[in-house]
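Please look through the sequence and the structure shown here before reading on. The report moves from the chain in general to a few chosen residues.

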Amino acid sequence: MKETFVETHAHLAHEFAYSELDKVAESGLFEKIWLHSIECVNSPRHSGNKAVLEVARHYPGLFEPFAFCRLDGSPDQVAAFKDAGFTGLKLIYPPMDYDDPACFPIYEQAEKYEMPCFFHVGIIAKRTSGELLFPGQLATPRRMRPSMLDTISAEFPRLKLVAGHMGVPWCGELFETLWYYPNVRCCVCGLSDYKWLVEFLGASSSEQVPYYRKMMFASDAAYGLPGVLESVVKRAVFFRMFFEEVGACCPWGTHGEEFMRENALDFLNRG
């Protein structure tokens, strides 16, 4: 596989090895990797903001670092993340609904500083409240429903939002959000029913933007561990074949390049 692609949903393993990250950088397969911090759980599997930013600096031009942002924290944290060199914000395990007005000062600052917000939506790995670090956190999908991005998109139309995963079990909500709001995209990982993707890749939004222009490749892998590079490349090969073979009789079948790289590059680079 020689074509490059953009990985839009990646994590840094808690016990990562630079030797494994060197393999990723030297492969020449990745045009960009959006690297997401998570620092809100005990016994973490993923690294936090400090390590993610250090890795992004170690491999300049490869990683786009996304800072874990507390929605119950100060809005000033957004400017601090921007100044530190983060590209965007990662939202997950919120202590309230994503569209609670109490979160709006964070989104207002993210819009001001042009920092995309990447939301985990839908079902999430099971954890007890005792495994989470901050008061009010729960491992409940109902605080992270895709339709909550509707309110945020309407209130902050210049804010770039990404739905991380397909919103399972609320895929229909995600479809409507993508249909109606021009500033929302989604990364395709954690999907259990590919019939949904086959059906909706050919749809268009209310502004006649094809859905294959609003969806992006992702793996949700934890980079820096042995075997991860191989598993991500395997997924990339699968999706290229998915567009070529499954999409052979569909109008969206010739648009795999947009899905694999161009949509993500356009989304971060547009004004």
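The sections below describe the overall fold, the aromatic rings, two buried loop residues and some backbone details.

## The chain in general

The model described here is predicted. Its chain has nine helices and nine strands, and its radius of gyration is 18 Å, close to the 18 Å that the globule rule gives for 271 residues, so the chain is as compact as a globular protein of that length. Along its principal axes, the C-alpha trace spans about 50 × 45 × 35 Å.

Of the 271 residues in the chain, 57% are buried. The surface that the chain exposes comes to about 11600 Å², and carbon and sulfur atoms supply 53% of this area. If one takes the contacts between residues at least 6 apart in sequence, 74% of them join residues at least 24 apart.

## Aromatic rings

The structure holds 32 aromatic pairs. One of them is formed by Phe-30 and Tyr-223, whose rings are edge-to-face, with 6.1 Å from centre to centre and 75° between the planes. This pair links distant parts of the chain, since Phe-30 belongs to strand 2 (residues 30-36) and Tyr-223 to strand 9 (residues 221-223), with their positions 193 residues apart in the sequence. Both Phe-30 and Tyr-223 are buried.

A second example is the pair of Trp-196 and Phe-200, whose ring centres are 4.8 Å apart and whose planes meet at 75°, so this pair is edge-to-face. Trp-196 and Phe-200 are four residues apart in helix 7, and therefore about one helical turn separates them. Why does Trp-196 count as buried? The cut-off for a buried residue is under 20% relative accessible area, and Trp-196 counts as buried because its relative accessibility is 10%. Phe-200, at 15% relative accessibility, counts as buried as well.

## An aromatic cluster and charges over rings

Some aromatic residues form one cluster, and among its members are Phe-5, Phe-30, Tyr-194, Phe-217, Tyr-223, Trp-252 and Phe-259. The cluster also includes Phe-238, Phe-239, Phe-242 and Phe-243.

In other places a charged side chain is found over a ring. Arg-70 lies over the face of Phe-134, at 3.6 Å from the ring centre, while the charged end of Lys-160 sits over the ring of Phe-267, 5.8 Å from the centre of that ring.

## Lys-214, a buried lysine

Where in the chain is Lys-214 placed? Lys-214 is found in the loop between helix 7 (194-200) and strand 8 (215-217). Is Lys-214 buried or exposed? With a relative accessible area of 2%, Lys-214 is buried.

If residues up to four places away in sequence are not counted, Lys-214 touches Leu-178, Tyr-181, Pro-182, Val-184, Arg-185, Cys-186, Ser-205, Val-209 and Asn-263. For one of these residues, Tyr-181, the backbone oxygen lies 2.9 Å from a polar atom of the Lys-214 side chain. The C-alpha atom of Lys-214 is separated by 8.6 Å from that of Cys-187, a residue 27 residues apart from Lys-214 along the chain.

## Thr-87 and its surroundings

Thr-87 is placed in the loop between helix 3 (76-84) and strand 4 (88-91), and because its relative accessibility is 16%, Thr-87 counts as buried. Which side chain makes a polar contact with the side chain of Thr-87? The partner is the side chain of Glu-64, at 2.5 Å.

Leaving aside neighbours within four places in sequence, the residues in contact with Thr-87 are Glu-64, Pro-65, Phe-66, Glu-114, Met-115, Pro-116 and Leu-268.

## Backbone details in loops

Two residues may be noted for their phi angles. Tyr-93, in the loop between strand 4 and helix 4 (104-112), has a positive phi of about 50° although it is not a glycine, and with 5% relative accessibility Tyr-93 counts as buried. His-165, in the loop between strand 6 and helix 6, is likewise a residue other than glycine with a positive phi, near 85°, and at 10% relative accessibility His-165 counts as buried.

A further detail concerns a peptide bond: Val-168 and Pro-169 are joined by a cis peptide bond, with omega of about 10°. Pro-169 is placed in the loop between strand 6 (161-164) and helix 6 (171-180).

Technical notes: Residues numbered from 1 in each chain as written. Predicted model: local features only at pLDDT ≥ 70, side-chain atom pairs only at ≥ 80, totals over all residues. Heavy atoms only, no water. Helix = DSSP H or I, 4+ residues; strand = E, 2+ residues; numbered from the N terminus. Buried < 20%, exposed > 50% of the residue type's maximum accessible area, 1.4 Å probe, protein only. Contact = heavy atoms within 4.5 Å. Polar contact = N/O pair within 3.5 Å; in protein donor to acceptor, adjacent residues only side chain to side chain. Phe/Tyr/Trp six-rings, centres within 6.5 Å; stacked < 30°, edge-to-face > 60°. Lys NZ or Arg CZ within 6 Å of the ring centre and 35° of its normal. Rg over C-alpha atoms; globule rule 2.2 N^0.38 Å. Areas by Shrake-Rupley, 256 points an atom, 1.4 Å probe, with all protein chains shown as cover.
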